[in-house]
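Let's take a walk through this fold, one piece at a time. Have the coordinates open as you read.

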Amino acid sequence: MKVAIIGGGACGLLLANLLEQHHISYELFEKSLLGRKLLASGNGKANLGNMYIDASVYNSTLGYTIVDTYRNKLAEVWKQFGLLTKSDEEGRIYPYSESSLSVLQILTKKKLNVIENFSVQSITKINAKYYLNEVRGPFDYVVLAIGSIASFTSKKQLGFYQLLQDLNIKMTSLNPSLVGFKLQWDCKRLFGLRVKCRVSLLQEEKQVYQEFGEVIFKNDGISGICVMNLSSYYSRLKSKQNCSIRLDLFPDQEIKVSSYEDLIGLVHPKLVEYFKSFSIKELNCLLHNFTFPILGVYDFEFAQVVAGGISLEEIDEHLRLKKDSHIYAGGEILDVDGICGGYNLMFAFCCALKIGEELCNIK
């Protein structure tokens, strides 16, 4: 048996290691750099996963099911590979070295059968065997672990999913997720300001989701982990009309002021100056209801993940294509995404464990 793994990210690299362990023949094809997005994970610290998980952190039941089934096994694999991990107070799991390079070095410690700088343009099936670009093969199984267009510049986005279209694989719409919001509001005076507050996503004045955290102001919008989590819910809205962001600057207490001088000691000096353009009545409302319309989100190149991908109607519980049981798909190429906190990387790794288990059982 011989397997073609398309994509040298988290899912593809871990799967290659598993197949190597079980002496299953494979070739891993990567068109750019191995583990490129893995290196950027967790601001270079590699947020490998999270100790705390429930169904609400993913947009689909499949995401939760795969991770819940394989997360203990994943922890065992890291120990077996020699990667020491730790978790912080919010349950986020990191390598003990706090370096994503350590993770990549662990995953490439063995001499893997990698075909570098190889862009897969076509998958052809001839007599139950698969050929890539009509020159590499034959393969008995193919694994689609090609990731997504998140963090790629617009030029590299073009044609990224052409391979899937050629295979007649149904895709759901693609939207940037875990990304900042552009606002219909001039943020320049607050550029660089960081404010801890309760932030809510509203549509037609109805709350979609809220979270407490740090909001970072940009020239034309806002960012921060809590804001990125809101974008995960925003990306799933059927309509993006009449959406807004609301900040409650004092969620744990009722604050009222009678003069602008009362603001000193309550909010950042930049906010003190900004709020002077409002009446005292308006100001008292803004302290708990600082609301601005959403223009949209930043582009894919600024997103951590993509909401959308291979429709889950296309795959079975084994992560195989229903129309071809010899083709598997795992990781971010699937229409599965989660909030910040290591959940997306954890899903990609757990997909590798699931697919590896399936292929080893076939052997």
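What follows covers a helix pair and then some strand pairings, all taken from a predicted model.

Start with the helices. Two packed helices are described by the angle between their axes and the distance between the axes. Here, helix 1 (residues 10–21) packs against helix 10 (residues 343–362) at about 35 degrees, and the two axes sit 8 Å apart. The crossing is right-handed. So who touches whom? On the helix 1 side, look for Ala10, Cys11, Leu14, Leu15, Leu18 and Leu19. Their counterparts in helix 10 include Phe349, Leu353, Ile355 and Gly356. Sorted by class, this contact has 14 nonpolar residues and one polar residue, with no charged ones.

Now for the strands. Strands of a sheet pair through backbone hydrogen bonds, either parallel or antiparallel, and strand 20 (residues 324–329) gives you both. With strand 10 (residues 141–144), strand 20 runs parallel, joined by three bridges; there, Val143 stands opposite Tyr328. With strand 19 (residues 320–321), strand 20 pairs antiparallel over two bridges. In that pairing Leu321 has Asp324 as its bridge partner, and a hairpin of two residues links strand 19 to strand 20.

Finally, swing over to an open sheet of three strands, ordered 3-5-4 with antiparallel pairing. Strand 3 (49–50) and strand 4 (85–87) are its edge strands, each pairing on one side only. Strand 4 is joined to strand 5 (residues 92–95) by three bridges, and one place to look is Thr85, whose bridge partner in strand 5 is Pro95.

Conventions
Residues are numbered from 1 along each chain as its sequence is written. This is a predicted model: local features need pLDDT of at least 70, side-chain atom pairs count only at pLDDT 80 or more; totals for chains, interfaces and linings use all residues. Side-chain values use heavy atoms; hydrogens and water are left out. Axes are lines fitted to C-alpha atoms, for helices over the stretch in contact, and angles run from 0 to 180 degrees between N-to-C directions. Helices (H or I, at least four residues) and strands (E, at least two) are DSSP runs, numbered from the N terminus. A crossing is left-handed if the near helix is turned anticlockwise from the far one by less than a right angle, and right-handed if clockwise. Contact means heavy atoms within 4.5 Å. Ala, Val, Leu, Ile, Met, Phe, Trp, Tyr, Cys and Pro count as nonpolar, Asp, Glu, Lys and Arg as charged, and the others, Gly among them, as polar. Two strands pair if DSSP finds at least two bridges between them.
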